[in-house]
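User: I am new to this structure. Please walk me through it by question and answer.

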Amino acid sequence: MTSTSFPLRRKLAVLPFVLLPLGAAAACGGENSKTSCDLNSCTVTFDRGVEASASVLGMKAELVSVQGETVTLRIGGRNVTVPVGDGQQQVEGIDVSVQSVTKDQVVVRISNNG
């Protein structure tokens, strides 16, 4: 065995851990939305005035409507209504909160609750 094989094996062993965050980010995506994900949660910025959706944490999340300070989302095929700010709802085993609403965008945080 050569002296370079040990460092090479160590680098190869570390490679999956280096690529893990890239895989987590690649699992997020959508239409008329931007996502930022880590292992347990995603922040989704939906564009308003268009059909907007994102694939996060293994399920589809869609912006349905905004009525004043209340946002309705469809997550995993179920509608959930969440107040803007400190409010939080649970649906399909995840926590959903609305961080902000502007005339152009809705920012939602979706996270595993378990």
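Analyst: The questions below go from the whole chain to single residues.

This is a predicted model, so local features need pLDDT of at least 70, side-chain atom pairs count only at pLDDT 80 or more, and totals for chains, interfaces and linings use all residues. Residues are numbered from 1 along each chain as its sequence is written, and side-chain values use heavy atoms, with hydrogens and water left out.

User: What pLDDT does the chain average?

Analyst: pLDDT is the predictor's confidence in each residue, from 0 to 100. In this chain, 74% of the residues score at least 70. The average is 80.

User: Over which residues does pLDDT stay under 50?

Analyst: The model has five contacts for this stretch beyond four places in sequence. Contact means heavy atoms within 4.5 Å. The stretch is residues 10-27.

User: How many strands are in the chain?

Analyst: Helices (H or I, at least four residues) and strands (E, at least two) are DSSP runs, numbered from the N terminus. The pattern along the sequence is α-β-β-β-β-β-β-β-β-β-β. Beside one helix, the chain has 10 strands.

User: What share of the residues is buried?

Analyst: Buried means under 20% relative accessible area, exposed over 50%, and partly exposed in between (1.4 Å probe, protein chains only). The chain has 114 residues. The buried share is 32%.

User: What area does the chain expose?

Analyst: Accessible areas come from the Shrake-Rupley method with a 1.4 Å probe; for residues, only the protein chains shown count as cover. Carbon and sulfur atoms supply 52% of the exposed area. The chain exposes about 7100 Å².

User: Which strand gives the largest share of the largest nonpolar core?

Analyst: A nonpolar core is a set of buried Ala, Val, Leu, Ile, Met, Phe, Trp, Tyr and Cys residues joined through side-chain atoms within 4.5 Å. The largest one has 23 residues, and Phe46, Leu73 and Ile75 have the most contacts inside it. Strands S3 (41-47), S4 (53-56), S5 (59-67), S6, S7, S9 and S10 (105-112) each supply at least two residues of this core. The largest share, four residues, comes from S5.

User: Which residues form the disulfide, and how far apart are their sulfur atoms?

Analyst: A disulfide is a pair of cysteine sulfur atoms within 2.5 Å. The structure holds one. Its link is right-handed, with 110° about the S-S bond. The partners are Cys37 and Cys42, with sulfur atoms 2.1 Å apart.

User: Are Cys37 and Cys42 buried or exposed?

Analyst: These two residues form a disulfide. Cys37 and Cys42 are both buried.

User: Which residue forms a salt bridge with Glu92?

Analyst: A salt bridge is a side-chain nitrogen of Lys or Arg within 4 Å of a carboxyl oxygen of Asp or Glu. The whole structure has two. One of them links distant parts of the chain, from Glu92 in the loop between strand S8 (88-91) and strand S9 (94-101) to a partner in strand S7 (residues 78-83), 14 residues apart. The closest N and O atoms are 3.5 Å apart, and the partner is Arg78.

User: Why does Glu92 count as partly exposed?

Analyst: Glu92 lies in the loop between S8 and S9. Its phi is near 50°, a positive value in a residue other than glycine. Glu92 counts as partly exposed because its relative accessible area is 38%.

User: Which residue meets Lys103 in a salt bridge?

Analyst: Lys103 is exposed, at 71% relative accessibility. Its partner is partly exposed, at 46%. The N to O distance is 3.9 Å, and the partner is Asp104.

User: What is the phi of Asn32?

Analyst: Asn32 sits in the loop between strand S1 (29-31) and strand S2 (33-37). Asn32 is partly exposed, with a relative accessible area of 32%. Although Asn32 is not a glycine, its phi is positive, about 60°.

User: Why does Thr72 count as buried?

Analyst: Thr72 is in strand S6 (residues 70-75). Beyond four places in sequence, its contacts include Glu62, Val64 and Asn79. Thr72 counts as buried because its relative accessible area is 14%.

User: What separates the C-alpha atoms of Val82 and Ser97?

Analyst: Val82 is in strand S7 and is buried, with a relative accessible area of 0%. Not counting residues up to four places away in sequence, Val82 touches several residues, among them Val71, Gln88 and Ser97. Val82 and Ser97 are 15 residues apart along the chain, and their C-alpha atoms are separated by 6.5 Å.
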